Amino acid sequence: MTEGSPRDREIVNARVIVTCPGRNFVTLRIETRAGIVGLGDATLNGRELAVAAYLQEHIVPNLIGRDAGRIEDTWQFFYRGAYWRRGPVTMTAIAAVDVALWDIVAKLAGMPLYQMLGGRSREGALVYGHANGRDIAETSDEVRRHIERGFRAVRAQCAVPGLEKTYGISSSGKAYEPAESALPLETQWSTPQYLRLVPELFERLRVDHGNDVELLHDAHHRLTPIEAARLARDLEPYRLFWLEDATPAENQRAFELIRRHSVTPLAVGEVFNSIWDCKHLIEQQLIDFIRTTIVHAGGITHVRRLADFAALHQVRTGFHGATDLSPVCMGAALHFDAWVPNFGIQEWMLHSQETDAVFPHDYVFRDGRLFCGESPGHGVTIDEKLAAKFPYVPKQLPVARLADGTMWDW
Ligand code: KDG
Ligand code: MG
């Protein structure tokens with residue numbers, strides 16, 4: 001009997017591993033009778049234990065005894081077969097199973113995961129890093145440091161004068177990490193000041209760094225549609241690679257208004273978890289980049305469908321890649337990026353040294369691009385002994401209020 005026979009592919013063990021090497025991560029570890037292990041990321045920032053419980057109570061009992069090779073059927077079982085569909089918790093749990101199974105199947109084939117998807121379409125994935133600063137000069141210095149490190153694309157965020165905390169800005173001097181406290185930190189928001197500042201920021205960045213570097217910006221759902229249209233129009237002279245999450249997208253038609261006023265490319269979708277969340281946006285070509293990534297949207301099986309659908313409308317991928325997406329998600333995403341025909345860009349915030357030690361991986365950064373490795377599977381493993389030294393720490397994302405106390409979009 002070979003390792004690839006149905007009996008050897010039988011899932012005999014599935015475990016959820018929660019660890020906090022600087023920030024919380026949830027990982028699903030699936031093992032077959034032949035001892036092949038697959039890993040899937042199941043991290044949902046600030047809601048980690050909800051996914052861990054969903055996996056533990058509702059998914060793992062259904063996995064034992066299944067054929068790990070039946071990736072599609074397993075996906076359909078947990079999605080189509082279930083009465084309660086969609087939602088970030090469910091889709092993150094399904095993603096963890098899906099990625100772990102793709103990892104196993106690629107290992108059985110002895111191939112890197114990208115090969116299972118159809119092989120490489122490119123050598124490396126263009127990535128963008130995060131530059132942030134307490135004022136425009138500091139943000140510009142950070143952009144320079146990124147360019148010196150080899151980045152060809154940089155997201156720039158700047159503190160809004162008069163606001164104590166702004167999305168994307170580190171106050172501690174360390175890398176920005178939004179989930180800072182056990183209960184949500186209350187932050188302030190003011191749209192008029194922000195709308196004045198951002199065009200000034202990008203004007204300065206183009207003066208300081210020229211036109212070769214790709215610049216990106218994230219409005220993090222703070223604007224109304226007409227405010228978003230104004231910002232997108234005001235940023236046109238600075239030729240952004242994209243303006244992200246300009247307005248909340250629950251009402252997908254809101255983007256029609258932005259499009260009517262501006263040609264600044266738009267990116268949306270890191271909080272989406274299904275193709276249905278962006279169907280209108282894509283079909284009507286209201287966005288240019290879809291940010292929905294593997295861990296929060298049902299894994300490779302679903303995101304592949306989403307990317308193919310997006311390709312029909314010339315929408316390209318620009319996967320979410322903040323630090324709350326573990327190296328396991330990053331590894332899988334980079335294999336996907338190597339294959340997907342309509343690739344745009346990949347976000348990459350470096351993980352801490354502790355995180356990289358807990359999740360050894362074979363992807364590397366070179367000349368502004370990330371390259372997935374050639375080892376079988378997605379190329380990311382876990383050091384469980386080390387992981388156990390970093391127990392879970394409760395942390396939630398902040399909330400934002402206007403100066404008069406009104407709760408705002410975070
Ligand atoms: O979990 C929330 C973060 O991942 C998010 O705030 C980061 O908006 C973000 C981005 O574009 O990376
Ligand atoms: Mg974002």
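Q: How are the donor residues of the magnesium ion (ligand 2) spaced in sequence?
A: This is a predicted model, with local features needing pLDDT of at least 70, side-chain atom pairs pLDDT 80 or more, and totals using all residues. Residues count from 1 along each chain, chains are lettered from A and ligands numbered from 1 as written, and side-chain values use heavy atoms, without hydrogens or water. Donors are N, O and S atoms within 2.8 Å of the metal (3.2 Å for Na, K and Ca). Their residues follow the spacing D-x25-E-x25-E.

Q: How many residues apart are Asp 218 and Glu 270?
A: Asp 218 is in strand S7 (residues 214–218). Glu 270 is in the loop between strand S9 (266–268) and helix H9 (279–283). The pair joins distant parts of the chain, separated by 52 residues.

Q: Which protein residues are donors of the magnesium ion (ligand 2)?
A: The donor atoms are one OD and two OE, 2.0 to 2.3 Å from the ion. They belong to Asp 218, Glu 244 and Glu 270.

Q: How far is the polar side-chain atom of Asp 218 from an oxygen atom of ligand 1?
A: Asp 218 is also a magnesium donor. Its polar contact (N or O atoms within 3.5 Å) with ligand 1 spans 3.0 Å.

Q: How much of the area of ligand 1 does the protein bury?
A: Side chains of Asn 45 and His 320 each place a polar atom 2.9 Å from a ligand oxygen. Alone, ligand 1 exposes 330 Å² (Shrake-Rupley, 1.4 Å probe). The protein buries 94%.

Q: How many residues of the shell around ligand 1 are charged?
A: The shell has 14 residues (a heavy atom within 4 Å). Three are nonpolar and four polar. The charged ones number seven.

Technical notes: Polar contact = N/O pair within 3.5 Å; in protein donor to acceptor, adjacent residues only side chain to side chain. Nonpolar A, V, L, I, M, F, W, Y, C, P; charged D, E, K, R; others polar. Helix = DSSP H or I, 4+ residues; strand = E, 2+ residues; numbered from the N terminus.
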